[in-house]
Amino acid sequence: MKPMSAKSDFRSERPATYRRRRGGRIVMWLVALFLIGLLAAGGAAWYVYNGLQPVDGPQEAKNVTIPTGSSAREIGRLLEEQGLIRNADLFQYYVKYKGVGPQLKAGEYQFTTGQAIDDMLTAMAEGKTVVNAERFTIPEGWNIEQIAEHLDKEGIVEKAAFLKEVNEGEFPEFAFVAEIPRDKNRKHRLEGYLFPETYEVKKDSTAHDVVSRMLAQFAKEWQPEWNELIKQRGLTMDKVVNLASIVEREVTVDKERPLVAGVYFNRIRDKWPLQADATVQFILGKQRDRLTYDDLKVKSPYNTYTNPGLPPGPIANPGRASLAAVVNPAKHDFFFYVTKKDGTSEHYFSKTLSEHNANDAKSRGN
């Protein structure tokens with residue numbers, strides 16, 4: 001017998017038939033895995049396809065109210081609860097796939113069981129609401145008086161009824177309303193909390209219905225994580241809303257809102273008066289292009305030129321950007337700002353009075 005070489009490997013001596021069988025089994029496993037993957041993909045595709053099909057059963061008309069600011073997921077839940085779609089999660093992904101999420105409008109819609117999802121999406125994108133609904137828009141920075149006059153003019157609710165509800169209405173479902181300070185100098189109790197947005201309400205809605213809807217939108221816009229952030233800085237929701245209302249009226253360019261909020265926090269920290277022109281405009285009751293020195297001396301608890309700290313209450317209803325700016329103000333050493341007057345609506349910021357005076361002169365030159 002020929003001796004085995006030291007470099008030889010016993011496994012290499014296995015017959016070719018063994019290697020062929022082993023190779024065949026690997027191929028079989030690969031084919032099996034491919035088929036399993038194919039079946040899984042097919043099953044997933046069928047699941048998605050079936051989940052997006054119209055709901056079976058007798059046709060029935062159903063009214064669905066989509067609140068302002070609803071996400072695709074929230075809309076899907078409402079439709080699923082009404083038996084109008086099969087799967088809210090698939091609806092959410094389908095809306096994202098179609099890219100129509102931002103186009104879906106709030107309001108009351110009438111859909112029918114068995115209706116195609118695409119038809120419902122088209123109706124919501126085009127705002128085809130039911131006839132018994134009315135739409136109104138509240139711009140950012142409007143105060144209570146402006147809102148009341150607009151709603152009266154549009155025939156939504158009477159001004160007197162609206163103002164009475166704002167100041168005397170009961171809204172136990174909103175805990176933050178009970179936390180609003182009771183200050184006799186405060187002009188309107190809910191000033192600052194009627195969130196600026198486009199709303200759709202049923203015809204013949206009461207003043208309570210309208211105010212409640214706007215408070216609900218404020219509650220939705222207020223981020224839960226803000227509560228801890230402002231608590232760490234010794235602030236309350238009302239103080240945030242108060243200062244945000246001033247920022248809203250003082251600033252036009254969103255990127256500057258945190259900067260202006262930072263200016264006011266610096267002044268509050270060092271016990272400087274806020275000296276916000278917007279508070280004087282609020283007292284005067286109308287917008288003026290330029291305030292006089294006599295205007296700045298007007299007697300009112302809302303005058304931040306003659307009174308320290310924040311006014312008794314908000315002077316307007318701030319939007320998202322202003323609320324976020326006060327919750328997360330920019331950190332800097334600025335104490336002054338002045339409008340550039342160059343058409344950009346932006347401001348010059350400065351640390352000292354001399355710098356501010358120089359910026360003011362530059363602004364006048366523009």
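Reader: Let's start with Tyr264 and Tyr337: are they buried or exposed?

Author: Both Tyr264 and Tyr337 are buried. Keep in mind that this is a predicted model.

Reader: How should I read a pair of aromatic rings?

Author: The general idea is that such a pair is described by the distance of the centres and the angle of the planes. By this rule, 15 aromatic pairs are counted here. Take Tyr264 and Tyr337: their ring centres are 6.1 Å apart and their planes meet at 85 degrees, so the pair is edge-to-face. The pair also links distant parts of the chain, with Tyr264 in helix α11 (residues 257-269) and Tyr337 in strand β5 (residues 336-339), 73 residues apart.

Reader: Which pair is tilted?

Author: Phe282 and Tyr302 make a tilted pair, at 4.9 Å centre to centre with 50 degrees between the planes. Here too distant parts of the chain are linked: Phe282 belongs to helix α12, Tyr302 to the loop between α12 and α13, and they are 20 residues apart. Phe282 counts as buried because its relative accessibility is 12%, and Tyr302 counts as buried at 5%.

Reader: Which residues form one aromatic cluster?

Author: Look for Phe174, Phe176, Tyr193, Phe218, Trp222 and Trp226, which form one cluster. Tyr193 has a further partner, since its backbone nitrogen lies 3.2 Å from a polar atom of the Asn317 side chain.

Reader: Where is Asn317 found?

Author: Asn317 is in the loop between α12 (277-284) and α13 (320-327). With 0% relative accessibility, Asn317 counts as buried. Besides Tyr193, the Asn317 side chain reaches the backbone nitrogen of Leu194, at 3.0 Å.

Reader: Which charged end sits over the ring of Phe336?

Author: That is the charged end of Arg267, 5.2 Å from the centre of the Phe336 ring. Arg233 offers another example: Arg233 lies over the face of Phe265, at 4.6 Å from the ring centre.

Reader: Now a helix. How many residues does α14 have?

Author: Helix α14 (residues 353-365) has 13 residues. From its first C-alpha to its last it reaches 18 Å, close to the 18 Å expected at 1.5 Å a residue.

Reader: Which residues of α14 are buried?

Author: In α14, the buried residues are His356, Asn359, Asp360 and Ser363. Viewed down the helix axis, the buried residues fall within an arc of 105 degrees, so they line one face of α14. Ser354 and Gly365, on the other side of α14, are exposed. The cover over the buried residues of α14 includes β5 and β6 (347-350).

Reader: What about phi, as a general rule?

Author: Most residues other than glycine have a negative phi. In this chain, Lys271 has a positive phi, near 60 degrees. Lys271 lies in the loop between α11 and α12, and counts as exposed because its relative accessible area is 74%. Gln275, also not a glycine, has a positive phi of about 50 degrees. Gln275 is placed in the loop between α11 and α12, where its 34% relative accessibility makes it partly exposed.

Reader: Stepping back, how many helices and strands does the chain have?

Author: The chain has 14 helices and 6 strands. Of its 366 residues, 42% count as buried. Among contacts between residues at least 6 apart in sequence, 63% join residues at least 24 apart.

Note on methods. Residues are numbered from 1 along each chain as its sequence is written. This is a predicted model: local features need pLDDT of at least 70, side-chain atom pairs count only at pLDDT 80 or more; totals for chains, interfaces and linings use all residues. Side-chain values use heavy atoms; hydrogens and water are left out. Helices (H or I, at least four residues) and strands (E, at least two) are DSSP runs, numbered from the N terminus. Buried means under 20% relative accessible area, exposed over 50%, partly exposed in between (1.4 Å probe, protein chains only). A polar contact is a pair of N or O atoms within 3.5 Å; within protein, one must be able to donate a hydrogen and the other to accept it, and residues adjacent in sequence count only if both atoms are side-chain atoms. Rings of Phe, Tyr and Trp (its six-membered ring) pair if their centres lie within 6.5 Å; planes under 30 degrees apart count as stacked, over 60 as edge-to-face and the rest as tilted. A charge sits over a ring if NZ of Lys or CZ of Arg is within 6 Å of the ring centre and within 35 degrees of the ring normal. The expected span of a helix is 1.5 Å times one less than its number of residues. The arc is that of the directions from the helix axis to the C-beta atoms. Contact means heavy atoms within 4.5 Å.
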